[in-house]
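Biologist: Could you walk me through this model before I start working with it?
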Amino acid sequence: MTKTKTVSVLGAGNLGAQIAYRLAFYGHDVTSYDINDDAIEAAKRRVQTIAGNYTRDLEGVSEDTAAAAAAAITFTTTLEDAARDADYVIEAVPENLEIKRDTYTRLARFLPEKTVLLTNTSTLLPSDFKDATGRPEKFLAYHFANNIHIANVVEVMPTRDTNPEIVEQVIEFAQTMGMRPIRLHREHAKYIINSFYSTWVDQARDMWVKGVADIETLDEVAAMIAGSEQLSPFLAQDNTGLGVAYEITKNRAATGDPLAAEFSRRLKQEFIDKGNIGKESGQGFYVYDENGNPTGLSEAAKKKYPPVDPGK
Ligand code: NAD
């Protein structure tokens, strides 16, 4: 059986463009679908940036090799073209249930029998929209982490309806695009990586809001335990962007959690509303120099806030 697959990626945003590029880099036939010409133009620019990242970050990748992968991607705004002859369709459209359902429903009538459907959803469960696919036995989650050329793992998570043979096929497919598959036996909200990670970060947020320790101490201790600064929770939130942290903690606050409520309030009023949204803007919990290295805590991170007692 040939290893080269015909693969379409739906949505050519941050993750979709990375996935399409990854597939092309590993020699698969790739079509990248997005909703209109403007989105496609943005995707082409994104792909150029990704090619630059491969040359910069990965040993032995020449500019020619990286450019050839970018040039090999076919772009389309037509779902019918994306479906044609696809062995796999990887869906990376916005994280919105209605958009996902609508995309799968419209796609279904063009798909050949053989196509396996993979969703990159982060916070929804594939079961939430498996009925819209029309083929739940050939549908599962295939979840990447951002910067997939560095974080080259993919979580493979079936629903109760997924055919086990399809799971095995997808595990093999992951390896043909240079990804290490992480096998989940059943659905689990937040998968494995985010289940660990979100608990870790939530603990750090809660300790800061309760006034247990300052941010630098929490980050230092976390790095000591994990053996890597990458898992320092406040540095990591600056890297991802404080907008994401705000959305997550606002949702947690809506469940009645007073610590999350105070954390999201601080984030919004003391950081985001002042334009300090993390490393990208030069300031978040830390201040960054022109090379993107942290130079120390920001004033908002150093400020003494009244500690919150959750009454526990
Ligand atoms: P994004 O907003 O960067 O990209 C979404 C793309 O989908 C855009 O190009 C947009 O034009 C396009 N789009 C909008 N409506 C569409 C439609 N109806 N049909 C097809 N395309 C449409 O989002 P993203 O960060 O790439 O996330 C995409 C998916 O990947 C989400 O499910 C998200 O949860 C998941 N994901 C994101 C990350 C991350 O770090 N950003 C990591 C893992 C998984």
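Modeller: We can go through the ligand site, the cores and a few single residues. This is a predicted model, in which local features need pLDDT of at least 70 and side-chain atom pairs count only at pLDDT 80 or more, while totals for chains, interfaces and linings use all residues. Residues are numbered from 1 along each chain as its sequence is written, and side-chain values use heavy atoms, with hydrogens and water left out.

Biologist: Which residues come nearest to the ligand?
Modeller: Asn14, Leu15, Asp34, Glu95 and Lys100 come nearest, out of 23 residues around the ligand, where a residue counts as near if one of its heavy atoms lies within 4 Å.

Biologist: And what are the polar distances there?
Modeller: A polar side-chain atom of Glu95 is 2.5 Å from an oxygen atom of the ligand, and for Asp34 a side-chain N or O atom is 2.6 Å from a ligand oxygen. In the case of Lys100, an N or O atom of the side chain lies 2.8 Å from an oxygen atom of the ligand.

Biologist: How much of the ligand's accessible area does the protein cover?
Modeller: The protein covers 75% of the 830 Å² that the ligand has on its own, with accessible areas taken from the Shrake-Rupley method with a 1.4 Å probe, and for residues only the protein chains shown counting as cover.

Biologist: Which elements give two or more residues to that shell?
Modeller: Those are α1, α5 (97-108) and β6 (139-144); helices (H or I, at least four residues) and strands (E, at least two) are DSSP runs, numbered from the N terminus.

Biologist: Let's move to the interior. How many residues does the largest nonpolar core have?
Modeller: That core has 38 residues, and Ile19, Tyr21, Tyr142 and Phe144 have the most contacts inside it. Its largest share, seven residues, comes from helix α1 (residues 14-25). A nonpolar core here is a set of buried Ala, Val, Leu, Ile, Met, Phe, Trp, Tyr and Cys residues joined through side-chain atoms within 4.5 Å, and buried means under 20% relative accessible area, with exposed over 50% and partly exposed in between (1.4 Å probe, protein chains only). A second, separate core of 22 residues includes Trp208, Leu235, Tyr286 and Ala300.

Biologist: What is Ile19 in contact with?
Modeller: Neighbours within four places in sequence aside, Ile19 is in contact (heavy atoms within 4.5 Å) with Val9, Ile90, Ala92, Asn120, Phe144, Ile148 and Met177.

Biologist: Asn120 turns up in that list. Is it buried or exposed?
Modeller: Asn120 counts as buried because its relative accessible area is 9%, and its place is in the loop between β5 (116-119) and α6 (130-133). A polar atom of its side chain lies 2.9 Å from the backbone nitrogen of Phe144. Asn120 and His143 are 23 residues apart in sequence, yet their C-alpha atoms are 4.6 Å apart in space.

Biologist: Switching topic, what about helix α10?
Modeller: Helix α10 (residues 233-240) is mostly covered, with six of its eight residues buried, and what covers its buried residues includes α8 (193-209), α9 (215-226), α11, α12 (258-271), β9 (286-288) and β10 (294-297). Just after α10, Gly241 takes a positive phi of about 110 degrees.

Biologist: Why does Gln237 count as buried?
Modeller: Gln237 counts as buried because its relative accessibility is 4%. Leaving aside neighbours within four places in sequence, Gln237 is in contact with Val201, Arg205, Leu242, Ala245, Phe263 and Phe285.

Biologist: And Arg252, where does it lie?
Modeller: Arg252 lies in helix α11 (residues 242-253) and is buried, with a relative accessible area of 17%. Its side chain makes a polar contact with the side chain of Asp202 at 3.0 Å; a polar contact is a pair of N or O atoms within 3.5 Å, where within protein one must be able to donate a hydrogen and the other to accept it, and residues adjacent in sequence count only if both atoms are side-chain atoms.

Biologist: Last thing, what should I know about backbone angles in the loops?
Modeller: Asp85, in the loop between α4 (79-83) and β4 (88-91), has a positive phi near 60 degrees without being a glycine. Asn147 also is not a glycine and has a positive phi of about 60 degrees, and it lies in the loop between β6 and β7 (153-158). Asp85 is partly exposed at 45% relative accessible area, and Asn147 is partly exposed at 38%.
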